[in-house]
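Me: I would like a close look at one part of this model, namely the sheet and what is packed around it. Please take it strand by strand and keep to what the coordinates can support.

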Amino acid sequence: MNTSPIYSKLQTLGIELPPLAVPVAAYVPFVRTGNLIFVSGHIAKQDGKPWVGQLGRNVDTATGKAAARAIAIDLMGTLHAALGDLNKITRIVKLTSLVNSTGDFTEQHLVTNGCSELLAEVFGPQIGAHARSAFGVAQNPMGACVEIDLIAEVAAD
């Protein structure tokens, strides 16, 4: 593994980046245009399978936050596969988080912190801090409790 601060931080946290996941529908995992890379939505997975459930019904906020953290790892794996080196990322620009939740659940923002906090920890506040939106939705693909997509800025080639 690369010995840069980003990869050293991942190693310190015991995080191994997963390989690029094969899309299960009609889309590509990422698209780069200019200095931006758009990463398709990643659903929460636990033990390689969709992490199913609904916040406010059978998943609590802490568990949802752990699911969002797991998505951050998958998103970084996709970024690594797309760029070959996470050091090419100059800014995590924006996240959009879709939290499978009941109508009265109001902690989507706290769930999404699981992803946001890990990205800021790994990339540092200058690169990892980002804009974001967190929505409650009636359902996510395959019943996943959380889905998150990401936009990042990358260094010019």
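How many bridges join β5 to β7, and do these strands run parallel or antiparallel?

Reply: The model is a predicted one, and within it β5 and β7 are joined by nine bridges and run antiparallel. One of the pairs can be named, since isoleucine 89 has valine 154 as its bridge partner in β7. β5 also pairs with strand β6, residues 131–137, but here the strands run parallel and are joined by seven bridges; in this pairing valine 99 is matched with glycine 136 of β6.

The chain between β6 and β7 deserves a closer look, for the loop there holds asparagine 140. Asparagine 140 counts as buried because its relative accessible area is 5%, under the 20% cut-off. Its side chain reaches the backbone oxygen of leucine 98 at 2.9 Å. Once residues up to four places away in sequence are set aside, asparagine 140 touches Leu98, Val99 and Asn100, as well as Cys145, Val146 and Glu147. Residues 89–100 make up β5 and residues 146–154 make up β7, so the contacts of asparagine 140 include residues of both strands.

Another pairing involves strand β1, residues 30–33, which runs antiparallel to β2 and is joined to it by four bridges. Arginine 32 stands opposite isoleucine 37 of β2. The two strands form a hairpin with two residues between them, and glycine 34, in the turn, has a positive phi of about 60 degrees.

Further along β2 comes histidine 42, which is buried because its relative accessible area is 12%, again under 20%. The side chain of histidine 42 reaches the backbone oxygen of serine 40 at 2.7 Å. Beyond its neighbours within four places in sequence, histidine 42 is in contact with Ile71, Asp74, Leu75 and Thr78, and also with Val146, Glu147 and Ile148. As α2 spans residues 61–83, histidine 42 of β2 has contacts with residues of α2 and of β7.

Histidine 42 also belongs to the surroundings of the largest pocket, in which about 430 Å³ of space lies. Of the 20 lining residues, Tyr27, Gly41, His42, Ile43 and Lys45 are the closest to the pocket centre. The elements giving two or more residues to this lining are β2 and α2, with β2 giving the most, four residues.

Helix α2 is also the place of alanine 67, a residue that is buried because its relative accessible area is 0%. Apart from neighbours within four places in sequence, alanine 67 is in contact with Ala44, Trp51, Cys145 and Val146. The C-alpha atoms of alanine 67 and leucine 110 are separated by 12 Å, although the two residues are 43 places apart along the chain.

The strands and helices come together in the largest nonpolar core, which has 38 residues; Met76, Leu79, Leu86, Ile89, Leu119, Phe123 and Leu150 touch the most other members. Two or more residues of this core come from each of α1 (5–12), β2 (36–43), α2, β5, α3 (108–123) and β7, and α2 gives the most, with nine residues. Leucine 79 illustrates the packing: not counting residues up to four places away in sequence, it touches Ile37, Val39, Gly84, Leu86, Ile89, Ile92, Leu150 and Ala152. Among these contacts, Ile37 is the residue opposite arginine 32 in the hairpin pairing, while Ile89 is the bridge partner of valine 154 in the pairing that opened this answer.

How values were computed:
Residues are numbered from 1 along each chain as its sequence is written. This is a predicted model: local features need pLDDT of at least 70, side-chain atom pairs count only at pLDDT 80 or more; totals for chains, interfaces and linings use all residues. Side-chain values use heavy atoms; hydrogens and water are left out. A nonpolar core is a set of buried Ala, Val, Leu, Ile, Met, Phe, Trp, Tyr and Cys residues joined through side-chain atoms within 4.5 Å. Buried means under 20% relative accessible area, exposed over 50%, partly exposed in between (1.4 Å probe, protein chains only). Contact means heavy atoms within 4.5 Å. A polar contact is a pair of N or O atoms within 3.5 Å; within protein, one must be able to donate a hydrogen and the other to accept it, and residues adjacent in sequence count only if both atoms are side-chain atoms. Two strands pair if DSSP finds at least two bridges between them. On a 1 Å grid over the protein atoms alone, a cavity is a set of points where a 1.4 Å probe fits but cannot get out, and a pocket is an open set with protein on both sides within 12 Å along at least five of seven lines; lining residues have an atom within 4 Å of a point. Grid points are joined across faces, edges and corners, and a volume is the space filled by probe spheres set on the points.
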